[in-house]
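This report introduces one protein chain to a reader who has not seen it before. Please look over the sequence and the structure first.

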Amino acid sequence: MSIEIVTHVWAERFPLFANALRYHLTGPIRHPPSVPVTFKICYTPSDSQVIAVLDEFADYNSPAYKIVRLPLPLDLLGRRHYGRDLSAAESRADLVWFADVDYYAGPGCLDTVYREWEREKAAMLWPDSCLISCTHVLGDSQIAEAVSGLSPTPVASEFKHNRYSKAIGGTFFIDGDYARDVGYLRGEQPPWKKPMRPFEDTPCDVRFRKQVQNGGVKMRAITIPNFYRLRHCESAIVTHKVTT
């Protein structure tokens, strides 16, 4: 019985992501689920800010909570399908969450996902809604508070519900056996093999969702309590800043 959370982070160019990582890693510590959790953090070895955060959280390692480091060259870190596929092949977890660093698992969040996975036995689960920061600027302020150690607990009044009509890249909860057998676009020769800008081109998320949809396996949207996303003005996915 276990959950693995696979997350990519690049704070060399986007320092705010180091603070977001503190939020991301804090959730299962403040709100321990009933099953063990392992974080697989994909980063580049030159990223001293990410390494510093991982070092901060090393003391929390236990049988119920573990952080595993997956250092990757920047060009491969930016192609998330590579790290996700590598993690899928290595995982021994029942359930794998392909996450983004700006998500926070609050009280009951991971237990609900695990319980629904046990009931549904679906290849993919995803949230039908998420609590997102009311504005990007407010999200920046929230993230800025996580300067060292455990992050603050999200204040519910600073978030609003956002519905998901389909699974998006940071919300893929995948059956462990399916992840190991199929991987994340394993063996494909996708068009993004051509030169790309790290983190600015991410067609792999849509491609993977379509792969699952076309595979004839069970997929379900579920209601997940206290599933937070900290929005932020600066994004590694786009080349401009959001200001609202």
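The sections below go from the whole chain to its core, one helix and one residue.

## Overall make-up

The model described here is predicted. The protein chain contains 8 helices and 11 strands. Of its 244 residues, 55% count as buried.

Among contacts between residues at least 6 apart in sequence, 85% join residues at least 24 apart. The exposed surface of the protein chain comes to about 10,400 Å², and carbon and sulfur atoms supply 52% of it.

## The nonpolar core

In soluble globular proteins, nonpolar side chains tend to be buried together. The largest nonpolar core of this model has 73 residues, of which Leu21, Leu25, Ile41 and Met124 touch the most other members. Helix α1 gives the most to this core, with 7 residues.

Leaving aside neighbours within four places in sequence, Ile41 is in contact with Leu21 and Leu25. The other contacts of Ile41, with the same neighbours left aside, are Thr7, Val9, Leu54, Ile67, Val68, Arg69 and Leu70.

## Helix α6

Helix α6 spans residues 136-144, and His136, Gly139, Gln142 and Ile143 in it are buried. These residues lie on the same side of α6, because they cover an arc of only 110 degrees around the axis. The buried residues of α6 pack against α1 (16-30) and against the strands β7 (129-133) and β8 (159-163).

## Glu116

Glu116 belongs to helix α5, which covers residues 109-120. With a relative accessible area of 16%, Glu116 is buried, because the cut-off for buried is under 20%. Not counting residues up to four places away in sequence, Glu116 touches Lys121, Leu125 and Ile222.

Notes: Residues are numbered from 1 along each chain as its sequence is written. This is a predicted model: local features need pLDDT of at least 70, side-chain atom pairs count only at pLDDT 80 or more; totals for chains, interfaces and linings use all residues. Side-chain values use heavy atoms; hydrogens and water are left out. Helices (H or I, at least four residues) and strands (E, at least two) are DSSP runs, numbered from the N terminus. Buried means under 20% relative accessible area, exposed over 50%, partly exposed in between (1.4 Å probe, protein chains only). Contact means heavy atoms within 4.5 Å. The arc is that of the directions from the helix axis to the C-beta atoms. A nonpolar core is a set of buried Ala, Val, Leu, Ile, Met, Phe, Trp, Tyr and Cys residues joined through side-chain atoms within 4.5 Å. Accessible areas come from the Shrake-Rupley method with a 1.4 Å probe; for residues, only the protein chains shown count as cover.
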